[in-house]
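User: Hello! Could you show me how to read a protein model with a ligand in it?

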Amino acid sequence: MSFPKGFLWGGATAANQIEGAYLEDGKGLSTADTLPDRERVKYLFDPKVFLEKKFDNYPSETAIDFYHRYKEDIALMAEMGYKCYRMSISWARIFPKGEGEANEEGLAFYDRVFDECLKYGIEPVVTLSHFEMPLVLTEKYNGWIDKKLIGLFEEYARCVFERYKGKVKYWLTFNEVNSVTLLTYHSGGCIVPEGANADEYGYQILHNQAVAAAKAVMACHEIISDAKIGCMICYAPVYAYTCNPEDIMAAMQQERDREGFALDLFAEGRYPYYAKRLFLEKDIHLNITEEEERILVKGTSDFISISYYMSLTGARKETEGERAQGNMGSGIKNPYLDSTEWGWQIDPVGLRISLNRLYDRYHKPIFIVENGIGVKEELKDNTVEDDYRISYHREHIKQMNEAIADGVEVLGYCVWSPMDIVSNSTGEMAKRYGFIYVDRNDDGSGSYNRYRKKSFDWYKKVCKSNGEVL
Ligand code: BGP
C-alpha cells in the first residue's frame with residue numbers, strides 16, 4: 001500500500017446526528033429536528049406529517065450529546081491518528097431565525113470544536129448543510145423552492161467563512177446534493193403541494209441549490225485564499241444486470257438520474273446535454289436566469305466529494321428479481337455481492353470503479369468523505385469485536401489504493417463514522433457504524449459513555465502508518 005504524503009485519513013459525522021442540545025444556547029429548530037425515529041422512513045415521500053411534530057421520539061434532541069462531549073470525542077479521534085475530521089455546522093445554530101442576526105453562542109461552539117481539532121493537528125472538513133436547515137425557512141418560504149434561500153444561504157456561508165477563515169480550509173456545500181430531486185423535504189426543506197409536478201419541484205430545488213453552492217464557492221475563494229471547497233454526492237455505480245443492451249441502457253440512465261445530472265451542475269457548472277429531453281418527457285419547466293447560468297460556470301467546485309457505501313444493479317423494467325436496498329435508491333440484487341443487515345450491498349471493487357469513472361469524467365480530485373458499515377452490536381467486556389468492520393474498511397482501502405495506482409487523484413478517506421451515531425435514514429441508534437461504541441439506545445436511554453471497539457486499534461495503525469499497515 002502506498003498513499004500520497006499528506007493523505008487525509010479521518011472520519012465523518014453530521015451535526016443533527018451527533019450534537020443533541022437541540023435548543024441550547026440559542027439554537028433554533030432545524031428541519032432535522034422534525035424527523036422522528038423509525039417512523040421517519042414511512043413518511044420520507046409524504047413529509048407533511050413531519051411539520052405536525054406529533055411523534056414520541058426525536059433522536060436529534062439528544063443525539064449522542066457531542067455538544068457537551070466534543071472534547072472527549074475529538075481526543076479519541078486524535079488517539080486514532082486522524083488527520084482530518086469531517087463534520088457539519090448546524091445552520092439553525094448560527095441563524096436560528098434563518099435570517100437576521102447570527103447567534104454568537106452558536107458561532108462560539110464551533111470555534112471551540114475547531115480549536116480542539118487544531119490542537120491535535122486534525123484538519124476540519126466542514127459541510128455547510130448536511131440534510132438540515134432552519135425550520136423557519138420551511139414555514140416561511142417552503143424551503144429551497146424559493147429563490148430567497150439562495151441569498152440567505154450565501155449570507156450564512158459568508159458569515160462562517162469570515163468567522164473560521166483562520167481555522168478551516170476544507171469546505172463542502174450540500175451533503176449528498178443529488179438526493180434533493182427525490183427527498184425534497186429531507187434535503188431541501190420543501191413540501192411539494194398536492195397535485196404539483198413533484199419532478200419539477202425536485203429539479204428546481206436542485207437548480208437553486210446549485211446556484212447557492214456556486215455563490216458559496218466564489219465567496220469562499222474571496223474570503224479564504226487557500227481554501228478548497230467541494231460538492232458532495234451520494235455515489236453508487238450502477239451496473240447492468242445482464243449484457244442485454246436494454247439493461248445496459250437502463251443502468252446508464254439510472255446512473256445519470258442518480259448522480260451524473262447533479263455532478264455536471266456542481267462540478268462543471270452546466271446542465272447535461274440530456275437534460276432537455278428529460279425535462280420535456282417529465283413536463284418540467286425551470287426558472288433559470290442567464291445571470292444564474294453565468295454564476296454556475298464561475299462557481300464550480302474545486303473537488304468532488306462522495307459518500308460510497310454500495311453499488312446498484314439496474315435492469316430493464318420487466319426484469320424480475322429480488323430487490324436490494326440501498327442508500328437513496330434500490331436495484332436488483334447482485335448475486336455476486338453480500339449485503340449488510342440493512343440490505344446494502346457490500347462492494348469494495350465498486351469503489352475503484354467509482355473513483356475511475358468520476359476522475360475519467362471530471363478530472364477533479366476526489367475526496368471519499370463517507371464509507372462504512374451499519375451493524376447491530378452489543379457491548380461485551382467494554383468493547384465490541386467488530387472484525388467485520390475491519391474487513392469492510394480494509395477491502396475498501398485496498399481498492400482505493402488501486403484507484404490511486406490507476407492515477408486517480410484522491411485527497412482523503414473518511415470513515416462513517418468515528419463513533420456510533422443516530423442513523424440518518426432510519427433514525428435508529430441500533431444501526432451502528434462507529435469505531436467507538438456509544439452507550440445510547442434507540443429510545444434515548446443509556447449512559448452515553450464511549451468505548452473503543454476492536455476496529456479502533458486497527459484504524460489507528462492505518463492512520464498512523466499512512467495506510468501502509470492494513
Ligand atoms: C449518508 C448520509 C449520512 C449517513 C450515512 C449512513 O447517506 O450522508 O448522514 O447517515 O449515509 O446512512 P444511514 O445513517 O442512513 O445508515
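User: How do the residues of the shell around the ligand divide into nonpolar, polar and charged?

Analyst: Ala, Val, Leu, Ile, Met, Phe, Trp, Tyr, Cys and Pro count as nonpolar, Asp, Glu, Lys and Arg as charged, and the others, Gly among them, as polar. Here the shell has five nonpolar, seven polar and three charged residues. This is a predicted model, where local features need pLDDT of at least 70, side-chain atom pairs count only at pLDDT 80 or more, and totals for chains, interfaces and linings use all residues. Residues are numbered from 1 along each chain as its sequence is written, and side-chain values use heavy atoms, leaving out hydrogens and water.

User: Which residues around the ligand come nearest?

Analyst: A residue is near a molecule if one of its heavy atoms lies within 4 Å of it. Of the 15 residues around this ligand, Q17, E176, S425, K431 and Y433 come nearest.

User: What is the distance between the side chain of Q17 and an oxygen atom of the ligand?

Analyst: A polar contact with a ligand is a pair of N or O atoms within 3.5 Å. For Q17, a side-chain N or O atom is 2.7 Å from a ligand oxygen. N175 has a polar side-chain atom 2.9 Å from an oxygen of the ligand, and for S423 the distance is 3.2 Å.

User: How much of the ligand does the protein bury?

Analyst: Accessible areas come from the Shrake-Rupley method with a 1.4 Å probe. Alone, the ligand exposes 380 Å², and the protein buries 100% of that.

Methods:
Polar contact = N/O pair within 3.5 Å; in protein donor to acceptor, adjacent residues only side chain to side chain.
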